[in-house]
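Here's a quick briefing to read alongside the picture. Keep the sequence handy and find each piece as you go.

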Amino acid sequence: MFWRPVFLSLLFLGGVHPVFGDFPRKEPISPIPAPPAEDPRKIALGKRLFQDPQLSQDGTISCERCHRLAEGGHDPRPFSKGVGGALGSVNAPTVYNSSLNLAQFWDGRASSLEEQIDGPLQNPVEMAMSWPEVLRRLRADATYQQAFRALYPDGITAANVRDAIAAFERSLLTWNAPFDRWLRGDKTALSPQALQGYELFQSYGCIACHQGANVGGNLYQEMGAMGDYFADRGTPITRSDLGRFNVTGRPEDRHFFKVPSLRLAVRTAPYFHDASAKTLEEAIRLMARYQLGREIPDAHIPPIIAFLQSLMGTHPLLRP
Amino acid sequence: MNIHRFGLIQYALLIVTAVLILVFLQTRRLDLAQHTHRLDLLLQLQQTEAQLDRNTFQMTAFQLVQYDPFVTYIRRIRDLLQQLAELEAGEAASSTLHQEIEAYRQALSDKFTLIERLKSTTALIRNQLHYLPAAAQTLSETHPQLGQRIAPLLNALYRYNLLPSDLARQRLLQDMDALAASAYLPEEREALDHLLSHMRANLRLMERLDGLRARYATIPTDTHFAQLYRDYSKRHEAQSRIARYFNALLLIVALLLLVGLGLALRKIYQAQQALKKAHDQLHNAVENLSEAFALFGADGHLILHNRQYATFYPWLRTILSSRPHISDILECQAAQEITLWDLKNRPIPPFKGRLPCRKDRFYQEELPNGRWYLASDTCTPDRELICVRVDISESKHFELELRKLYRALEQSPATVIITDCEGNIEYVNPRFEETTGYKAAEVIGQNPRILKSGDKSPEEYKELWDTIKSGRTWRGQFHNRRKDGKIYWESASISPVRDESGKITHFIAVKEDITARKRAEDQLRMNATVFETTNEGIMVTDEKNRIVTVNPAFTRITGYEPEEVIGRKPSILSSGRHDRAFYQKMWESLKKRGAWSGEIWNRRKDGSVYPEWLSIAAIHGPDHPHQEYVAIFSDITRRKQDEAQIQRQANFDALTGLPNRSLFADRLAHSLRSARRENWLVALLFIDLDHFKSINDTLGHVVGDNLLQQVAKRLRSCVRESDTVARFGGDEFVVLLDDIKKASIAAKTAKKIIAALQVPFDLDGREGYIGASIGITLFPTDGQDGDTLLRNADMAMYRAKSAGRNNYQFFTDSMNQQMRDRAALEQDLRLALEREQLFLYYQPIVDFKTGRMTGVEVLLRWHHPTRGLISPNRFIPLAEEIGLIGPIGAWVLEHACTQAEHWQEAGLDLHINVNLSTRQLALGLTPTYIADLLRTHQFSPKHLVLEITESLVLDKNAASLSWIHTLKDLGIRFAVDDFGTGYSSLSYLKRFPVDILKIDRSFVQDLPEDRNDAALVKAILAMAHSFGLEVVAEGVETCEQLRFLQAIDCRKGQGYLFSPPLPPEQIPLLFEKGFETCLSAGMQTVQPQALPFIEEPPSTQPDCEHAPQSGGGGDQEHD
């Protein structure tokens, strides 16, 4: 198993080094790191699997169906429709930059991308599949057989399917955002309005949670830390609203959710786990109200949006 | 024993080696690299955890601006833990370590949970710390007073945040409560409350942070890590200790092995010494062997050979020292003329390439110097080849000697049996097997008495045994029995066989099958008996033609006693009746063919002459051919008499006693010869009785025969004695008048005969009258040979008969001319076909109702180059007679079909009627031929009508009936031609598959005047209709006839009224035109054009039937 150290060192070189590296600017937000080196054939295979509706029970739903890569890697519908039109209970988050998150799902119940894949695949309201059936279908396809054999000595297995899809997802980093360029020292990369938005973003305290390379995604926070969001929402509390509590069972984790990344916020409406905010303005206002405990004047919203705009990097699959 | 010990040593070594490997593996259990890796993992874990802790404290001191490092470190720790767990998973025994790791992982997990809480808490606090100054700023801008009051409180809060203490917190809470307790304007109150709520939240969160931090500090990851590290080190030490023990063990085992190796080496040395000694001994032994020996290695090179080998093959001496390859040796051997034999002395081919390497392969080598070697080329399991040669020259020579003797025995023509003293068979030769039918295997060990047939007495056997046991030889004959039961004779000589000391050890019987000799003797005896008793005289002469012996029959026939004739020549028997030429011929035949037989007249002793049938044969001696003769003869006096009788019967008519045809022919030839010589006139009277048949038929054969006898008597009375009256059979008699002066004598005789035969005969008491017709020919005027004369007389007789009976007629020139004509015509007819003088005419057959032509009758014409058109009435009977009707009929059918095919192609729907002759059936007109013909012309059988005569229909012959049926099955229709003229009655038509009746023209021509004919035609029509037959009237010539026929419902007809027979090219025109005008008006006939002969309308030539040359009456012709 000589490749393991090599692989580890690659991981460290590609993933860790930029985090620890010296930036031109010392800011709570760091640039998106370069994607880890990976066999392009594996990424291609992961992409094919990601886009293959065969992975759902009735052959209609692919991963991409609810993580639309061109738009924002998310589902613009409040709740995704699974096999047979079943509705999910939370808004599908973006798959872009998801590898930077501390865990997957709103409640962080999957500690890795590989683990995450089991969720929607087997969820009866999503793809409603079982691994044996997935493998049976993939093995019936000669081109899959060939592609897997080229990459894995043991061919088509659940672990290898997960590995391929995760490898593809790890490649989904939105690189070279204007803000990242600014962080690297390009003074012209940010408009004055965006810069003003960044300052407001910090002064309002948003930055406390939405920081790091992914501008969020690296901690859990209570939904309604400074106000009773669920009481004001006006709809009954669902199981999904319990958030991280569903994973840990600890009372103090009630209504705690993974802080979402804001990297593609301008593209990923609707917002929040319950998709209650239809627009970015609304989301900003609601966040200020319930998380910061204050109202934000109208004049401050466009700069913040401009700042959020500058967070969006590029990816070949993402519509610019 | 040695092998056994060596096996034990091997096992011991194997066990020691296994132990060595096991021990080595045990030492390997201490894997330094793995240990280092573990330590490295633990170190990394410790470091990363320390970094995590550092980060946590930085965070709680709000020194950390982002949380990404946590994600990184936590992932790293999880990964390291995973690696560690995986490493330990291989170590089954260290469950305590597993537990330690699990405990450490649990503590870390608790720590991670706390970190998450710390992260969200510090985030919220940071959030407030970010926001409070901005909020205070806003407040002081809107409410400056309130701002001033809140500023120190805010300062105290930030101080608390930096340097938290319970007292400061207490004071802050009191101050905030005091501030809140004051009175404010509503908008001031709202702003103050907002600010205070944030400050309170900060305090609350700070308190939570404190708690979390305290909990974080108490998480015992370090103790767990220390415990883990300690346990791990302990375990490593224990393993190291064990490894040390095993190392020591390894050393001991290795030392043991070394000692063993030393011992083994010593043993090997000793063994080598022993081996060398053994080798030397073996070498000496081999060297001193009397056999030649050579050993070749698996590579084919000579390894070892002894002195003897070089002595055996002296020519190899030069190359033997240079370790030659076997192929070199074989090459050298091949140069010598060495012959190879297998053990059964069959030659085997010399070896090419390698010697065949087989087990137990023996063969013999015969060297040119006369030496013989027994050779064996044996392979060892190691593919080495051992060649051994033994000099067997001595024994071989003995063997050859023996074999010669043995072969002599085996091939002896005499039976040889060797028995032991007791008489048990030890050997028999193949001749014995042949003679007795017993196989050697069956008789070995048996007593020869199995061959006894039982006709020798025990005394005789005793005598035999006494003789041979006393050492003498017994000779005698046996009458023995073969295995298959056959008896045979053999002469035997049995003698004792003695060994060197003179003791009798065996008996040998040499016997000869004398059955054949015995048989020959018997045969001779039998022959002698035959010789003595036969009725035929036998006489044997020697090479000098002197009588050697005669038998009793000879004496009986000739009257000579043997002693009277022996030593004399056979000529004493000569009768003198035969000339010298006769005897010469006889001797020629004897010399050439070795035999002669024939009739000869000889003279008896008493002088009488007698005929005898004599057969003489040369006796074939082995060295004097043809010199002795045996003559066998029988007295054939009696036979001669019998022959005379037969002669009479052969030449004379038994009934009348008159010469028959054959004797008559002889006499005639004889008298013609004389007549020619003497210029005589000879007359031949051919007499045929009139009315004899009716007498024979009515009064019976006996009366008929009686009549013939009377006739014969009267005929004889009419002629001279020298004339010949012969009966030719039936009622035909011929009289030959020899040597007459003139023809009138013949006429006179004829008259006399007629007169004689006119006198009534007495026929069994009744008076009967007959007459005679006589034809006369004269030689030499009417013919030069007997046959011609007879034939011409016959013809003249017929002329006489047709000129009225009781009449005679001379053969005349005109008769002759007629004959010649006929012959010429016959000749021409044979050529007519190939010279294409035959052609076909077609006469339309008309439907009375429609006026359409429905068919044509095919009529044959012969255009003779000199005689012009010849009537079919003349040449068809001739053709039938000479068999030419076959090819002509085929020609007609073929041409008619070809023509019909043309018409059909042109759209003329016509059937063709072809006349058939009865004779054609016999001449090969088979249904197959007709079917093939139709198929070739693609002509539908339905369109073919075959016209046959009544006689064919009347023929009861099954063959012709099936002929008609087969053709009917093909679809061909049949018409009865000239119906009414023959004997046919309508009734039999039912039985025959005819389809059409053609009413003969003779009935039609007198219609309607002749009432009989009219009635007959009506009857025919009525009858035919009732049978469903079609009726065609032939020879319709006038309108009256047509009208009458129409009136009585006759539907079809042919005749000059419509058209004469026409050449084929005119038919299509007529077909188009039809005959309606002719029918309706009953007007003139159609004028045929361009006929090859003059065509007259029948009205001016009513008797066309009898004038065939004119071409009329075509519809009655035969084809």
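In chain B, helix α23 (residues 701–718) packs against helix α24 (residues 743–758) at an angle of about 145 degrees, and their axes are 9 Å apart. Bear in mind that this is a predicted model. Below, we start with that helix pair, then go on to the cores, chain A and the place where the chains touch.

**The helix pair in chain B**

- Angle and distance are the usual way to talk about such a pair: two packed helices are described by the angle between their axes and the distance between the axes.
- As for handedness, α23(B) and α24(B) make a right-handed crossing.
- On the α23(B) side, the contact is made by Val711(B), Arg714(B), Leu715(B), Ser717(B) and Cys718(B).
- On the α24(B) side, look for Thr749(B), Lys752(B), Ile753(B), Ala756(B) and Leu757(B).
- Sort the residues of this contact by class and you get six nonpolar, two polar and two charged.

**The nonpolar cores**

- A bit of background: in soluble globular proteins, nonpolar side chains tend to be buried together.
- Here, the largest nonpolar core has 96 residues, and Phe201(A) and Leu195(B) are the ones with the most contacts inside it.
- Helix α4(B) gives this core its largest share, 13 residues.
- Where does this core lie relative to domain 1 (3–170) and domain 2 (178–310) of chain A? Both domains give residues to the core, so it lies between them.
- Zoom in on Phe201(A): leaving out residues up to four places away in sequence, Phe201(A) touches Cys206(A), Ile207(A), Ile304(A) and Phe307(A).
- Another core, of 72 residues, lies apart from the largest one, and among its members are Phe875(B), Val914(B), Val1004(B) and Ile1067(B).

**Chain A as a whole**

- Chain A is built with 14 helices and two strands.
- It has 320 residues, and 45% of them count as buried.
- Take the contacts in chain A between residues at least 6 apart in sequence: 67% of these join residues at least 24 apart.

**Where the two chains touch**

- How many residues does each chain bring to the contact? Chain A brings 23 residues and chain B brings 21 residues.
- On the chain B side, α3 (68–89), α4 (95–142) and α7 (186–218) each supply at least two residues.
- Helix α4(B) shows up again here, with the largest share of the chain B side, 11 residues.
- By class, the side of chain B that touches chain A has nine nonpolar, eight polar and four charged residues.

Methods. Residues numbered from 1 in each chain as written. Chains lettered and ligands numbered in written order. Predicted model: local features only at pLDDT ≥ 70, side-chain atom pairs only at ≥ 80, totals over all residues. Contact = placed C-beta atoms within 7 Å. Helix = DSSP H or I, 4+ residues; strand = E, 2+ residues; numbered from the N terminus. Nonpolar A, V, L, I, M, F, W, Y, C, P; charged D, E, K, R; others polar. Axes fitted to C-alpha atoms, helices over the stretch in contact; angles between N-to-C directions. Left-handed = near helix turned anticlockwise from the far one by under 90°. Core = buried A, V, L, I, M, F, W, Y, C linked by C-beta atoms within 7 Å. Buried ≥ 20, exposed ≤ 12 C-beta atoms within 10 Å, placed from the backbone. Domains from an automatic or database assignment.
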